[in-house]
Amino acid sequence: MRVLFLAPNSPKTGNCTTAERIRNHIVAAGHTCVLCDTREFSSASDVSSLMKQEPRFEAALAIHLFKGGRLLLDAGVPFGVVFGGTDVNEDVKDEHKRAVMEEVLHKARFAVAFTDKLKERAEELLVCESKKIYVQPQGIETRVASHFSWSDFLHSTGVRTKQEENLRVFLLVCGLRRVKDPLYLLEVFAEWHNQNPLVALIIIGPKIDPVFTAEVEESVKRSVGVYLAADLSQEELHAAMQKSFALVNSSLSEGMSAAILEAMDLGLPVLARDVPGNAAIVEHEVTGLLYSSPQEFVSMSRKLLDDHELQERLVRNGKNYITTCHNPMKERISYQKLVETLH
């Protein structure tokens, strides 16, 4: 079967990683799967034209009900959708987008939510058939670059210290766009750094929104103890995560943060903002720490620095959670079964 797969596919984002992984699952079942960025199409009619070209597509899949799903409404082939996160958390607030997403759910053969909470939220806010929505957590695999230099990374990021071995890096991994709110902790972290120069916050991720990226760059330049790193490959990023003290998430809303799950897999404590998508995968003081304000972030971070038993417990439980709930082979079997329903 020849499958068209549409996803918001900015390089080095969580969506991109997820899309590549799902595509590999489909290909492993013997299908042809062509992955395209939703930004390549302005409307459903563009996709409709593509569907008429030879060799013909026989089925389709999309990540994100609005950005991807709306483009499949005139595709003329059976399709499935995967909830992104901002579709259910943000786009539902817009009446027009909500109506489009409801039409997508009506026409789709199936929809996949990463968590039970995301499925419940979709059922609560959108008119949809509950039996169509399957819950399948993301499968997580990490690979660490073998020739990664932590010293070079810190130097190129602008971190200057004679006590590199004592430096505690809090790594905030996110695409630079407003919903990720990377400046949320900037002021309190700068204050903390003034008191303890051995803590640093490094923001790293692709520059998705150029206007917002300029704001972030300007704010970081004026700050102390907070740095903006150049983008890395996935394997280099995983190496940097492994060398860091903790992974930070400060998003206004999340579907399911791949960075949080990857950090758990790599044995890194997680400090995440207490929003529904994060609370669905981080159990406070069990698999990570959830904070509700910048001040709470600092107090929890201080505690984590001093409490080695807490560090070890979060790391151990986080790794166990990934092994139990985010097995990539289980994910593979689920998507292969769902794609078969598009025949």
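The following paragraphs describe strand pairing in a predicted model, with attention to a six-stranded sheet and to the surroundings of strand 1.

In the predicted model, six strands form an open sheet in the order 9-8-7-10-11-12, and their pairing is parallel. The edges of this sheet are occupied by strand 9 (226-229) and strand 12 (289-291), each of which has a single partner strand, so that one side of each is left without a neighbour in the sheet. From one strand to the next, the twist averages 25 degrees.

At the edge formed by strand 9, the pairing with strand 8 (residues 199-204) is parallel and extends over four bridges; within this pair, Ile202 has Tyr227 of strand 9 as its bridge partner. Helix 8 (residues 210-221) packs on the sheet, where contacts are made with both strand 8 and strand 9, and the direction of the helix makes about 140 degrees with that of strand 9.

Strand 1 (residues 2-7) has five of its six residues buried, and is therefore largely enclosed by the rest of the structure. Strand 1 runs parallel to strand 2 (residues 32-37), to which it is joined by six bridges, and strand 1 is likewise parallel to strand 3 (residues 59-63), with four bridges joining the two. Leu6 takes part in both arrangements, standing opposite Cys36 in strand 2 and opposite Ala62 in strand 3.

Terms used
Residues are numbered from 1 along each chain as its sequence is written. This is a predicted model: local features need pLDDT of at least 70, side-chain atom pairs count only at pLDDT 80 or more; totals for chains, interfaces and linings use all residues. Side-chain values use heavy atoms; hydrogens and water are left out. Two strands pair if DSSP finds at least two bridges between them. Axes are lines fitted to C-alpha atoms, for helices over the stretch in contact, and angles run from 0 to 180 degrees between N-to-C directions. Contact means heavy atoms within 4.5 Å. Buried means under 20% relative accessible area, exposed over 50%, partly exposed in between (1.4 Å probe, protein chains only).
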